Amino acid sequence: MTILKLQNIHYISDNTNIINGINLDINEGECISIVGPSGSGKSTLLKLCSDLISPSQGDLFFKNKNYKEYNPTELRKKISYCVQIPYLFGETVYDNLSYPFETRKEDVNKIKILEYLYKFNLDESYINKDVNSLSGGEKQRIALIRNLIYKPEILLLDEVTSALDKDNLKIVEGIIKDMNKSGTTVIWITHNIEQSKSIFNRKITIEDGIIENEEELN
Ligand code: ADP
């Protein structure tokens with residue numbers, strides 16, 4: 001089943017054409033790698049897919065229904081977007097990891113938060129840490145937990161492992177691979193070619209705001 005459809009998507013900002021007519025069908029359960037030179041429009045494409053910005057022309061469909069027909073808050077719970085330099089809010093890690101529960105008006109499940117911290121190689125002392133005291137790699141993992149603690153239907157990742165060391169990179173890749181196996185569709189901007197081989201089923205190259213090449217990886 002097509003979970004995400006992009007139909008003739010254009011995006012113009014400040015009289016500059018950034019996305020120049022992208023058509024793309026993504027099936028449920030796919031794990032897609034997005035590659036391409038810096039400035040080619042990869043991040044803009046993910047922002048469009050996550051409904052953070054709207055196309056200047058063209059339409060996006062989630063499960064065959066136009067984005068325009070969805071409540072934006074509901075759509076963002078189903079389609080989760082994680083950026084390279086994450087914005088952590090409030091004062092502590094807890095402020096960030098309790099947020100997904102609060103926004104869904106559910107009781108904060110502290111056990112689940114601790115489980116996720118351990119999964120991401122962070123011990124329970126992190127829960128009360130000041131967000132400003134964290135390293136770039138720790139911030140990336142906390143932001144990922146915030147995005148993943150409720151399993152999204154589509155996970156959009158923008159260079160989210162750039163600050164991780166080798167061991168933590170492996171851990172995070174493993175978690176995302178498992179999520180993909182359990183049904184989450186993943187679209188991941190990455191520079192790591194090795195990564196492309198082990199996780200992804202399709203590689204899409206973006207250049208000058210268009211799909212320059214598509215490759216099946218299986
Ligand atoms: P990539 O992720 O491939 O590096 P981006 O999507 O971040 O590329 O950016 C594509 C191009 O669009 C860049 O030249 C960038 O400077 C420009 N751009 C991105 N967002 C905006 C915006 N809101 N206004 C004007 N230009 C933008």
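This is a short talk on one protein chain, from its overall form down to two helices and one loop residue.

First, a caution: what you see is a predicted model.

I will start with the whole protein. It has seven helices and 10 strands. The radius of gyration is 17 Å, close to the 17 Å that the globule rule gives for 218 residues, so the protein is as compact as a globular protein of that length. Along the principal axes, its C-alpha atoms fill a box of roughly 50 × 40 × 35 Å.

How much of the protein counts as buried? Of the 218 residues, 49% do. As for the outside, about 10,800 Å² is exposed, and carbon and sulfur atoms supply 44% of that area. If you take the contacts with a separation of 6 or more, 67% of them come from residues 24 or more positions apart.

A word on charge. The protein has 26 positive and 32 negative charges, and the mean positions of the two sets lie 3 Å apart.

Now to the helices. Helix α1 runs over residues 42-49 and is mostly covered, with six of its eight residues buried. Which ones are they? The buried residues of α1 are Lys42, Thr44, Leu45, Leu46, Leu48 and Cys49. After α1 comes Asp51, and its phi is positive, near 70°.

Helix α4 is the other one to look at. Within its residues 110-119, Ile113, Tyr116 and Leu117 are buried. These three cover an arc of only 105° around the axis, which puts them on the same side of α4. As general background, an α-helix has 3.6 residues a turn, so residues three or four places apart point the same way. What do the buried residues of α4 pack against? Their partners are α3, residues 93-103, and α5, residues 136-148.

Last, a single residue, His191. You will find His191 in the loop between β8, residues 185-189, and α7, residues 193-199. Is His191 buried or exposed? With a relative accessible area of 52%, His191 is exposed, because the cut-off for exposed is over 50%.

His191 still has contacts from elsewhere in the chain. Leaving aside neighbours within four places in sequence, His191 is in contact with Gly36 and Glu159. Pro37 can be placed relative to His191 as well: the two are 154 residues apart in sequence, and their C-alpha atoms are 9.4 Å apart in space.

That is the end of the tour.

How values were computed
Residues numbered from 1 in each chain as written. Predicted model: local features only at pLDDT ≥ 70, side-chain atom pairs only at ≥ 80, totals over all residues. Heavy atoms only, no water. Helix = DSSP H or I, 4+ residues; strand = E, 2+ residues; numbered from the N terminus. Buried < 20%, exposed > 50% of the residue type's maximum accessible area, 1.4 Å probe, protein only. Contact = heavy atoms within 4.5 Å. Rg over C-alpha atoms; globule rule 2.2 N^0.38 Å. Areas by Shrake-Rupley, 256 points an atom, 1.4 Å probe, with all protein chains shown as cover. Lys, Arg positive; Asp, Glu negative; His and termini not counted. Charge placed at Lys NZ, Arg CZ, Asp CG, Glu CD. Arc of directions from axis to C-beta.
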